[in-house]
Amino acid sequence: MCLGKKYIVIAAYTLFWVFLAFIFIAHIPLTIGITFPQAYWIKQSVMFLFLMGLYYLNSEVLVPRLLYRQKLAKFVLLHIGILLVLVSASFLFDGWSHLPEGIAKSINDKFVGKLQIELSGLKLDTTLFLTICLLVGLSTSISITRMWQKDLLRSQQLVQKQLDSELSFLKAQIHPHFFFNTLNNIYSLTFIDVESSRASLHKLSRMMRYLLYETQNDRTSLQREIAFVRDYIELMQLRVNGNTTVQFEEPGCIAEKSIAPMILLPFVENAFKHGIHSVKESRILVEIRQDGDLLTLGVENTLWDRGEQAIDDGGIGLSNTVRRLELIYTNHYKLLYGPGKDLYSVRLELEL
């Protein structure tokens, strides 16, 4: 609990007890202007202290250890016992000090000739009884609410820890997956074009720098993420055949926003994996647009095998990316994908 909130709670409890003390002890004498016997002030003050103790005993001990652990019978019986002890003590004190008669005398002396009352004999102190019930009910409600909030906070913290662990695990899986595919591509390229393979290694080193430093955080800048996708596409263009057309469109001016790292690439990678034919003409289109806080990624590729290319069966990298979207952008993303007549398309909308 922060210091400011702690002081507010202390002030609220202080005002509550001062108000209750006035009502329980001094309200009647001060309101009607009567000097009550000294025994009245002693009794009410001592009982008020016992009521304060009962409040905190119930709130800090009885509710957590009995009621919250579903020991309802013990909780109820113990409170009945406390109620009987306090009421009996009040009853005995009234009989020993003749308090009812003293109060009646004070009232009759104040209103001579106007009002005469008789308070003789021993009767149940209804004010004490109702005050005990009120305080027990109030402290029980506050204690249960406070413990429920603690349990809820603890549960939320546990869920967050599980979420962080799962996200770390998913990112750890994506990185080796990406390196494995890219290094295989460069290895194949070395047999065809040495200069192109060198250019590929340079781009890969820049991408590795992004992976090593940017993906350690939960967020990276949108500019870096798009640059990473651009490098990947340029790297892949070095190895595609002349029958493949690759088109990449990006925003001319990228607004400064943050995004989860490595969240766009797997969809682009999926298009290169399934959209290129060794002989026939192929086409891949990657389009990134930004409209305020809305980022849209559109990916299209020539459809060669209608049953093979699917997001759900796209391998570790792609399936994990979908899972990351569910965890990070819950209710703040829209993912549409599927085959058309000749193209397989993916459309991702992210609220940044």
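Which residue forms a salt bridge with Glu 287? Hold on to that one, everybody, and I'll come back to it once we have walked through the fold. Hello, and thanks for coming. One thing before we start: what you see above is a predicted model.

Let's begin with the sheet. It is an open sheet of five strands in the order 2-4-5-7-6, and the pairing is mixed. At the edges sit strand 2, residues 244-249, and strand 6, each of which pairs on one side only. From one strand to the next, the twist averages 5°.

Now let's walk across it. Strand 2 pairs with strand 4, residues 282-291, in the parallel sense, over six bridges. If you want a landmark there, find Gln 247, which stands opposite Leu 285 in strand 4. Further along, strand 5, residues 294-302, runs antiparallel to strand 7, residues 343-351, and nine bridges join the two. Then strand 7 also pairs with strand 6, residues 333-339, again in the antiparallel sense, this time over seven bridges. Strands 6 and 7 make a hairpin, with three residues between them. Your landmark in that pair is Leu 336, opposite Arg 347 in strand 7.

Let me stop at one residue in the sheet, Thr 296. You'll find Thr 296 in strand 5, standing opposite Glu 349 in strand 7. Is Thr 296 buried or exposed? Its relative accessibility is 7%, so Thr 296 counts as buried. Leaving out residues up to four places away in sequence, Thr 296 touches Glu 287, Ile 288, Arg 289, Arg 347, Leu 348 and Glu 349.

And two of those names bring us back to my opening question. The partner of Glu 287 is Arg 289, and the closest N and O atoms of this salt bridge are 4.0 Å apart. Both ends are partly exposed: Glu 287 has a relative accessibility of 26%, and Arg 289 has 42%.

While we're on the subject, how many salt bridges does the structure hold? The count is 12. As a general reminder, side chains of opposite charge can pair when their charged atoms come close. Here are two more from the set. Asp 151 and Arg 154 meet through their side chains at 2.7 Å, N to O. Both belong to helix 5, residues 126-190, and because they are three residues apart there, about one helical turn separates them. Asp 151 is partly exposed, at 29% relative accessibility.

The other pair is Glu 234 with Lys 203, whose side chains meet at 2.8 Å, N to O. This one links distant parts of the chain: Glu 234 is in helix 7 and Lys 203 is in helix 6, residues 194-213, 31 residues apart. Glu 234 is partly exposed at 29% relative accessibility, whereas Lys 203 is buried, with a relative accessible area of 15%.

Next, the helices beside the sheet. Helix 8, residues 265-274, lies across strands 2, 4, 5, 6 and 7, and runs at about 5° to strand 5.

That takes us to the nonpolar cores. The largest has 42 residues, and those with the most contacts inside it are Leu 264, Phe 267 and Phe 272. Which elements supply at least two residues each? They are helices 6, 7, 8 and 9, the last being residues 315-328, along with strands 4, 5 and 7. Helix 7 gives the most, with eight residues. Take Phe 272 as an example: beyond its neighbours within four places in sequence, Phe 272 is in contact with Tyr 232, Ile 233, Met 236, Val 240, Val 246 and Ile 284. There is also a second, separate core of 23 residues, which includes Phe 24, Leu 128, Leu 135 and Val 136.

Last stop, helix 3, residues 72-97. Its 26 residues reach 38 Å from the first C-alpha to the last, close to the 38 Å expected at 1.5 Å a residue. Among its buried residues are Phe 75, His 79, Ile 82, Leu 83 and Leu 86. Just after helix 3 comes His 98, with a positive phi of about 55°.

That's the tour. Thanks for listening, and do have a look around the model yourselves!

Terms used:
Residues numbered from 1 in each chain as written. Predicted model: local features only at pLDDT ≥ 70, side-chain atom pairs only at ≥ 80, totals over all residues. Heavy atoms only, no water. Pairing = 2+ DSSP bridges. Helix = DSSP H or I, 4+ residues; strand = E, 2+ residues; numbered from the N terminus. Axes fitted to C-alpha atoms, helices over the stretch in contact; angles between N-to-C directions. Contact = heavy atoms within 4.5 Å. Expected span 1.5 Å × (residues − 1). Buried < 20%, exposed > 50% of the residue type's maximum accessible area, 1.4 Å probe, protein only. Core = buried A, V, L, I, M, F, W, Y, C linked by side-chain atoms within 4.5 Å.
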